[in-house]
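Here are some quick checks on how the terms used for this model are earned. Each answer sets a value against its cut-off.

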Protein chains: 2
Amino acid sequence: MGYDIVIHNGTIITVNTEFDIIANGLICIKDGKLQRIETADPHLPLPQAEDTIDADGGVIMPGLVNAHTHLPMTLFRGLADDLPLLEWLNDYIFPAESKHINPESTRLGSLLGCAEIILSGTTTCCDGYFYEDAVASAVYESGLRAILGQGVIDFPAPGVPDPSANIKNAVAFAEKWQHVSALIAPSIFCHSPYACSAETLRRAKSAAISQGLLFQIHAAETKAEWDQIQSEHQTSPVQYLDRIGVLDENTLLVHVIWVDDNDIEIIAKRNAKVAHNPESNMKLGSGIAPVPGFLAAGIAVGLGTDGCASNNNLDLFQEMDFAAKLHKVNALDPTVMDARTVLKMATIDGAKAIGLDKDTGSLETGKQADVIIIDTRQPHLVPMYNPISHIVYSACGSDVRDVVVAGKSILRNRKLLTIDIEEIMEKVSRFGASVFYSPSNSVNANTL
Amino acid sequence: MGYDIVIHNGTIITVNTEFDIIANGLICIKDGKLQRIETADPHLPLPQAEDTIDADGGVIMPGLVNAHTHLPMTLFRGLADDLPLLEWLNDYIFPAESKHINPESTRLGSLLGCAEIILSGTTTCCDGYFYEDAVASAVYESGLRAILGQGVIDFPAPGVPDPSANIKNAVAFAEKWQHVSALIAPSIFCHSPYACSAETLRRAKSAAISQGLLFQIHAAETKAEWDQIQSEHQTSPVQYLDRIGVLDENTLLVHVIWVDDNDIEIIAKRNAKVAHNPESNMKLGSGIAPVPGFLAAGIAVGLGTDGCASNNNLDLFQEMDFAAKLHKVNALDPTVMDARTVLKMATIDGAKAIGLDKDTGSLETGKQADVIIIDTRQPHLVPMYNPISHIVYSACGSDVRDVVVAGKSILRNRKLLTIDIEEIMEKVSRFGASVFYSPSNSVNANTL
């Protein structure tokens, strides 16, 4: 009896506990799972399989885990950059969302986002947005694995003009998607401690607990947020969230920049998780999260790209490069955040942060077959002394050749198998042309 | 009489003084120069040309200028990362250079470096190394434009075991390459104020002046260097260099991290130039150069990748992204280093920094035809509200489709026209397999 997929002729980076590297590796996949991961025996023929993938001497590794994103925001990629945070949000992003975001555009932007993350080697993402049902429908179609949360915020938002319906809507989304697909797990996504009341946060967390869902929240992102929480609650954002009882092992705190040692100790004690988004934090001038401190405290930290409006792409390879380098220069110490640590953050630790480490994030027998192949026959990846170094410091999303999720090929020789990308790009380009402010804002290319 | 090359059907980013963006642009090239840059008239046929390039709706822009690199160091890409600077240099890079660097390997590594920079849209680079004659021969073959400096250092170095011959060798290199090609200008490259004596620096600068050459030097890169110069000369590295008379408008200071306001004022007063290398500075934990301060003082700042051993690639698109984001987070201000400023740094300001702004760095009639075309029909570049934003924040080197230098195509549809890249990659891979330390150093993939 044969396997579904056999992958051979590549160097396997397992990201297992021993961080085993297997030269001339062989992977056998059956029923969506990894059945064998080993050195190929040159004296034996390849095991029989429906589909055999020759990695051509490249790197075979776990698919990447994007621990925080907003897929539909591909729609506003590069709409406005280099602006103060509040001007960016209030004058560009919020009005653009209010005018142009509906279920159809959300689904379109999400399909583009799915295509982009597949093409850059991500197999699992953790997303939060309004109209999350439309995001889920796109993700389902793409074949990606995902944790998806309907947004909860105490302001009128796209699709939920009446904030009092937010939690009801989020719960309805979760109930609907709880059992649709083994690849999709719903979640509850509260916007932030400054945009949700204590009552909203408590009710949302309680709903998440009762359904066994991940609770996501942006927290301690900016100095302004810290000041506001301090002024309203006389404590830090993290300690405020702890005080109202929403920190536990199923809480994912996103950004977590404005924290002190007490905050870190509390996050660690509650076993809450962190999603680190260095490119977004840098581009918005938010600050530098104390990631080495989180790791020293034993906190699981995943890596996220955030949405496209603040990055401006969804490439986790570039995000790894930023994460490794940012903390080195911040500490004036090149030994901080070494390549292994960063690669774990983009794979197994990211999976841990969103509660999926039993399923994905490393290549180990019995786990889900979420596998990517990197084409290393390229000038910027030659010579190869250390494959981990290449993945973190030299490679780019465009070096990803093949992507398998749960034993199903969704990218083959850089061809997307689940998404008609030409059609999606054409539709999104037309959408972009319809988004127009004023010539002075330089929004459209033809107004520049 | 026809043109040599006509490029049409793309959005032109000129990077001229007005930063004109030309939708549906047309560029006509003759005798290596830009003859026409304008909006295409839809009622007229395309001008006649030997070669017509359809940009397919993409972005047409000046080729990038890499203001600081060491091309042959592609040979040691990823050999050792995440180590303290002195351990990295003394235990890995210097021994590897001493054992494995010779004219043949230098030429090989340089050809790989040339291929890598062409494939990521660079048309001009400023390089310094030992065996620079071998670098020059590779660059000449590649068709790139370059400023090339033979290294001067007061220690035994590859090819120059006796330091007292260093300046003589550097001058001989400059004399040899002064008139070989219109695309190559020699330079003198002194390693640093700590690795060259005052006497060496004075003699080298004097040689550069007498031949009208750019004088390059790493300066104020690390706190350790600052401490050493302070201890030996009771002043800062920049003020020391000024005191011995080597700062003028033809001096390119590389890195320039450990400087204060007085140092910045002196650099500005002498009209010396700066090459900023954010990825290398971050990866080595050297520190953050005060680039916004340089710009405020009117100093010309170019962008460089540094060598591959400390980056670990030569992609200036990624370097732009790092430059834009690093200074925003450092200032906690998203308006710092906006996309235009950074794009100028990678083009016209880089050209200014190395003395080539009359020839290259912008698309203006009469200048050399150094042009690249970006393929924007890709998921991570859709939609396009602002092409400048895409170039700095969303694009990657692999999005470059075509490269023209001095009116000659050297990359077409991502195919290199001057370098047999398959042969080079195979040879460099074999070279890499010969570089071996001890299993504990995890140097070769098969020892991991």
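A disulfide here is a pair of cysteine sulfur atoms within 2.5 Å. The model is predicted. Searching the whole structure over all chains turns up 1 disulfide.

Q: What makes the pair Cys396(A) and Cys396(B) a disulfide?
A: The S to S distance is 2.4 Å. The cut-off is within 2.5 Å, so the pair qualifies.

Q: Why does this disulfide join two chains?
A: Cys396(A) sits in the loop between α14 (387–394) and β15 (400–405) of chain A. Cys396(B) sits in the loop between α14 (387–394) and β15 (400–405) of chain B. The pair therefore links two chains. Both Cys396(A) and Cys396(B) are buried.

Q: Why is Cys190(A) in no disulfide?
A: The nearest cysteine sulfur belongs to Cys196(A), 4.5 Å away. A disulfide needs the sulfurs within 2.5 Å, so Cys190(A) has no partner.

Q: Why is Cys190(A) called buried?
A: Its relative accessible area is 0%. Buried means under 20%, so Cys190(A) meets the term. Cys28(A) counts as buried too, at 0% relative accessibility.

Q: How do you know that β7 and β8 of chain A pair?
A: 6 bridges join β7 (residues 122–129) to β8 (residues 145–152), both of chain A. Pairing takes at least two bridges, so these strands pair. They run parallel. Cys126(A) stands opposite Ile147(A) in β8(A).

Q: What makes β6 and β13 of chain A edge strands?
A: The open sheet has 8 strands, in the order β6-β7-β8-β9-β10-β11-β12-β13 (chain A), with parallel pairing. β6 (64–69) and β13 (301–303) of chain A each pair on one side only.

Definitions and conventions:
Residues are numbered from 1 along each chain as its sequence is written. Chains are lettered from A and ligands numbered from 1 in the order in which they are written. This is a predicted model: local features need pLDDT of at least 70, side-chain atom pairs count only at pLDDT 80 or more; totals for chains, interfaces and linings use all residues. Side-chain values use heavy atoms; hydrogens and water are left out. Helices (H or I, at least four residues) and strands (E, at least two) are DSSP runs, numbered from the N terminus. Buried means under 20% relative accessible area, exposed over 50%, partly exposed in between (1.4 Å probe, protein chains only).
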